[in-house]
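Got the viewer open? Let's take a walk through this one, stop by stop.

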Amino acid sequence: MEIKKSSIPTNTVTRTLTDIDAPTGNIYESVVVIARRANQIASEIKQELNRKLADFSSVTDSLEETFENREQIEISKYYERLPKPTLVATEEFLEGKVYFRENRPEPQPETIAE
């Protein structure tokens, strides 16, 4: 995933509303596009993390038998340090890397009443 190689800041950055609403012409539409992309990124990260942590799970584990695994802790810390999905999605949106289209209903042809 590109997030690991990117230079996206891990903390919040103040943005100008005109920058965010410029691609869509509406701040609310822009926020919806960013939110949907953030959900996609979050699910990709979650799937990737679950695949990596699945190697450490065993069938016989119970709450009493759980022990600390150094490698598992390092993997978890790595994913905690990644930028949040909303920050990544906002950056992608502002750079024009997010594809979106308007979903406007098509006008219905007028019917003549008899």
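## Starting at the pocket

Before anything else, keep in mind that this is a predicted model. Our opening stop is the largest pocket, which holds about 430 Å³ of space. Select Val-32, Val-33, Arg-36, Phe-100 and Arg-101: of the 14 residues that line this pocket, these lie nearest its centre. Now colour the lining by class, and you should get five nonpolar, three polar and six charged residues.

## Zooming out

Switch to a cartoon view of the whole chain. Which elements turn up as you go from the N terminus? The order is α-α-α-α, with four helices and zero strands in the protein. Of the 114 residues, 21% count as buried. If you like contact maps, take the contacts between residues at least 6 apart in sequence: 76% of them join residues at least 24 apart.

## Two helices side by side

Next, select helix H2, residues 27–54, along with helix H3, residues 70–81. A pair of packed helices is described by the angle between their axes and the distance between those axes. Here the axes come within 11 Å and cross at roughly 170°. That angle is over 145°, so H2 is roughly antiparallel to H3.

Where do they touch? Show side chains for Ile-45, Glu-48, Leu-49, Lys-52 and Leu-53 on H2, which meet Gln-72, Ile-75, Ser-76 and Tyr-79 on H3. Sorted by class, this contact has five nonpolar, two polar and two charged residues.

## The enclosed helix

Move along to helix H4, residues 85–94. Is H4 mostly enclosed or open? Seven of its 10 residues are buried, so H4 is largely enclosed by the rest of the structure. To see the buried ones, pick Leu-87, Val-88, Ala-89, Thr-90, Glu-91, Glu-92 and Phe-93. What covers them? The cover includes helix H1 (17–21) and H2. Just past the helix, click on Gly-96, which follows H4 and has a positive phi, near 80°.

## Last stop: Arg-37

Finally, go back to helix H2 and find Arg-37 there. Buried or exposed? Arg-37 has 19% relative accessibility, and because the cut-off for buried is under 20%, this residue counts as buried. Which residues does Arg-37 contact, once its neighbours within four places in sequence are set aside? Light up Glu-44, Ala-89, Glu-92 and Val-98. Two of these should look familiar from the previous stop: Ala-89 and Glu-92 are among the buried residues of H4.

Terms used: Residues numbered from 1 in each chain as written. Predicted model: local features only at pLDDT ≥ 70, side-chain atom pairs only at ≥ 80, totals over all residues. Heavy atoms only, no water. Axes fitted to C-alpha atoms, helices over the stretch in contact; angles between N-to-C directions. Parallel < 35°, antiparallel > 145°, perpendicular 65-115°, else oblique. Contact = heavy atoms within 4.5 Å. Nonpolar A, V, L, I, M, F, W, Y, C, P; charged D, E, K, R; others polar. 1 Å grid on protein atoms, 1.4 Å probe; cavity = no way out; pocket = protein on both sides within 12 Å on 5 of 7 lines; lining within 4 Å. Points joined across faces, edges and corners; volume = space filled by probe spheres on them. Buried < 20%, exposed > 50% of the residue type's maximum accessible area, 1.4 Å probe, protein only.
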